[in-house]
Amino acid sequence: MSDDRRTTTPVRPTGTQIIAPGHTFATVSDKISSIVLTRRTPLYWFIPFLIASGLVMVFLVAVAALLVRGVGLWGIKVPVMWGWAITNFVWWIGIGHAGTLISAILLLLRQSWRNSINRFAEAMTLFAVACAGMFPLLHLGRPWLFYWLFPYPNTMGVQPQFRSPLVWDVFAVSTYATVSALFWYVGLIPDLATLRDRTRYRAARIVYGILAMGWRGAASHWQKYETASLLLAGLATPLVLSVHTVVSFDFTVAIVPGWHSTIFPPYFVAGAIYSGFAMVLVLAIPLRAMYGLEDLITSRHLDNMAKVMLATGEIVAYSYFFEAFIAWYSGNQFEMFAIWNRMTGPYAPTYWCLIFCNLVFPQILWLKQIRTNVVWLFIVALDVLTGMWLERYVIVVVSLHRDYLPSSWGIFHPTIWDVATYVGTLGLFFFLFFLFIRSLPMISIFEVRTLLPQAEVVEGVEK
Amino acid sequence: MKTPIYGLMAEFESPTALVAAAHQVRARGYRKVEAYSPFAIEEVNEALGLHHNKLPLIVLCGGILGGLTGYLMQYYVAVIDFPLNIGGRPLHSWPSFIIITFELTILFAALSTVLGLFGLCGLPMPYHPVFNVSRFAFASRDRFFICIEANDPLFDRHDTAEFLHTLAPREVTEVAH
């Protein structure tokens, strides 16, 4: 069993290699499955998990208070009725996009380096969408009536308005959550079979066995499986681009100055991928250090992700510039005022912070030394996450607080309950994520096997 | 008389050996053959003559059904069941129906991909004879197996086993039912 197991030292792979040299099918299978099956659960798993569990308690208290007292508990009031709830919704759903980009778009583009990061990036997508979904639901005021958004025969004799972007959003986000979950589960099946065959505990074998559904790696199954992966990737690609486009329609279809703009869909999608890759890095950098996965998630992976961040960051920068330019070029006094108010109004510090976090500071990624330095990369990723949250805050709050009529202007102040709900979803996200890395393989084992040089069938011997 | 078996299974150590063996098994005339590997190997499909795949057709049908469902649902609600006269604008406002039509196309197509995959592979399958081979647990780790099933017309318990031994496997095992 352990005849071909070798000790490996983390080495940066050279040339076309993606995985550090010295690995075999057996070593990658054992290394990744041992995190779940045999290794002792480390202290550095328990400490963040306990902190996250505490924050989940904060979230439950915040939600309970909200259900008892109503949404007035948050800082939302006329004219800023969306406040932190929609800011957080857009931020979370954007983070999810990187997972689908990695698992679907990079699969179609045959970027095989994605194979060692797609699993936990997809998990991140699922949990981010779960957190995102909380905000519009809670923002409804009476979340238990959310099903009124779907068309069903009812005694009230009314139906949803299908011409409204808010209804489009319900369908887009719920489709996205469903397809992400399907994609993730289908991707897990062969690895669940590996866990079923590797575990020594009967209970674990039964659970993983039920989840693996009797997968046995037959060639006729693999053939259909590969087709299914490609088809799901092909379906998820337009879907992921459509989701943030539809989210941006929530804004652009309204006539609020600063929202009513055709640049929003591509700008939102780029920003989503930007923040999503930042979150993947925030998760990957500590994970690979904690579990010694530097030979599977190599510095080449980090470098590539940093480049995607840099590229999408430049698109976002271009959009900021063009937003301001079009406001000036339109000659429309309300559009001009909206941008001027962002830059110099009561929320000016937020705007300039956002410019620094999203535009100025990430430019250090042009340097290869930064892209290969985990500490700096981690700092840039946190900075981008902050910047993207501020961007959504500026779009939602600053645009709403002063529109056409000065008599209806107002200032938005978040309350402690806004903070508790937001921090609570952060806790929920990390709580789910730490449960995931404890119970399921965080790197796709069967896809990493195909990256090894041994996986190549040597030509000429078939005949 | 011995108890009937499901088939004979040979174990190999590399994908290259598996593909070579699959070619020879096929050339020998065996048709009820299945290969097992820890990851997909395209060359094996070629060697075993696996070309037919109904999945794309199922997905296409699912997608079309989803698109129709999405559009007709919105048409029914907006025009027939709950018409709202908003400044005399047309009830059948098709541009605003596109998004949900698209989303439901994707949703139905994705669901039919997954259900179609399970259906075509016969999953979930709580029991399968190949799991009776104790070393088959390595099929999900680092070993490659080929199994000639007993219902193949050319199958002979003794001759087939001897033939499999000529392919230089690590081991040949009988698979109990």
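**Entry 1. The N-terminal stretch and confidence**

I looked first at residues 1–11 of chain A in this predicted model, where pLDDT stays under 50. For that stretch I noted 17 contacts beyond four places in sequence. Where pLDDT is low, the predicted coordinates should not be read in detail. I therefore leave the contacts of residues 1–11 of chain A without detailed reading.

I then looked up the confidence of each chain. Chain A has a mean pLDDT of 90, with 95% of its residues at 70 or more. For chain B the average pLDDT is 91, and 99% of the residues score at least 70. For the complex I recorded an ipTM of 0.93 and a pTM of 0.91, both given by the predictor.

**Entry 2. Contact between the chains**

I next turned to the contact, to which chain B gives 57 residues and chain A gives 51 residues. Which elements of chain B give two or more residues to the side that touches chain A? I listed α1 (15–27), β2 (33–36), α2 (42–48), α3 (55–81) and α4 (98–121) of chain B. Of these, α4(B) gives the most, with 13 residues. Sorted by class, the side of chain B that touches chain A holds 39 nonpolar, twelve polar and six charged residues.

**Entry 3. Domains of chain B**

I looked up the domain division of chain B. Domain 1 is made of 5–52 + 126–176, and domain 2 is 55–121. Taken over C-alpha atoms, the centres of domain 1 of chain B and domain 2 of chain B are separated by 44 Å.

**Entry 4. Helix α8 of chain A and its partners**

I examined the packing of helix α8 (residues 264–290) of chain A against helix α9 (residues 299–330) of chain A, and found an angle of about 150 degrees with the axes 8 Å apart. Angles over 145 degrees count as roughly antiparallel, and α8(A) and α9(A) are therefore roughly antiparallel to each other. The crossing in which α8(A) passes α9(A) is left-handed.

On the α8(A) side of this contact I noted residues including Tyr267(A), Ile273(A), Tyr274(A), Phe277(A) and Leu281(A). On the α9(A) side the residues include Leu302(A), Met305(A), Met309(A), Ile315(A) and Val316(A). The contact of α8(A) with α9(A) divides into 14 nonpolar, four polar and no charged residues.

I then followed α8(A) to helix α7 (residues 219–252) of chain A. The angle between α7(A) and α8(A) is about 125 degrees, and their axes are 8 Å apart. α7(A) and α8(A) are therefore oblique to each other. Here α7(A) passes α8(A) in a right-handed crossing.

In α7(A), the residues Leu241(A), His244(A), Thr245(A), Val247(A), Ser248(A), Phe251(A) and Thr252(A) take part. They meet Phe264(A), Pro265(A), Phe268(A), Val269(A) and Ala272(A) in α8(A). By class I recorded eight nonpolar, four polar and no charged residues for the contact of α7(A) with α8(A).

**Entry 5. Helices α1 and α5 of chain A**

How do helix α1 (residues 25–37) of chain A and helix α5 (residues 165–198) of chain A pack? I found an angle of about 75 degrees, with the axes 10 Å apart. α1(A) and α5(A) are therefore roughly perpendicular to each other. Ser29(A), Ser33(A), Val36(A) and Leu37(A) in α1(A) meet Thr194(A), Leu195(A) and Arg198(A) in α5(A). The contact of α1(A) with α5(A) has three nonpolar, three polar and one charged residues.

**Entry 6. Backbone geometry**

Finally, I checked for backbone exceptions. Most residues other than glycine have a negative phi, and most peptide bonds are trans.

The peptide bond from Val78(A) to Pro79(A) is cis, with omega near 5 degrees. I located Pro79(A) in the loop between α2 (43–69) and α3 (83–108) of chain A.

In chain B, Leu123(B) and Pro124(B) are joined by a cis peptide bond, with omega about -5 degrees. Pro124(B) is in the loop between α4 and β3 (144–149) of chain B.

Arg110(A) is not a glycine, yet I noted a positive phi of about 55 degrees for Arg110(A). This residue, Arg110(A), is in the loop between α3 and α4 (118–139) of chain A.

Definitions and conventions: Residues are numbered from 1 along each chain as its sequence is written. Chains are lettered from A and ligands numbered from 1 in the order in which they are written. This is a predicted model: local features need pLDDT of at least 70, side-chain atom pairs count only at pLDDT 80 or more; totals for chains, interfaces and linings use all residues. Axes are lines fitted to C-alpha atoms, for helices over the stretch in contact, and angles run from 0 to 180 degrees between N-to-C directions. Helices (H or I, at least four residues) and strands (E, at least two) are DSSP runs, numbered from the N terminus. Angles under 35 degrees count as roughly parallel, over 145 as roughly antiparallel, 65 to 115 as roughly perpendicular and the rest as oblique. Two residues are in contact if their C-beta atoms, placed from the backbone, lie within 7 Å. Ala, Val, Leu, Ile, Met, Phe, Trp, Tyr, Cys and Pro count as nonpolar, Asp, Glu, Lys and Arg as charged, and the others, Gly among them, as polar. Domain bounds come from an automatic or database domain assignment. A crossing is left-handed if the near helix is turned anticlockwise from the far one by less than a right angle, and right-handed if clockwise. pLDDT is the predictor's confidence in each residue, from 0 to 100.
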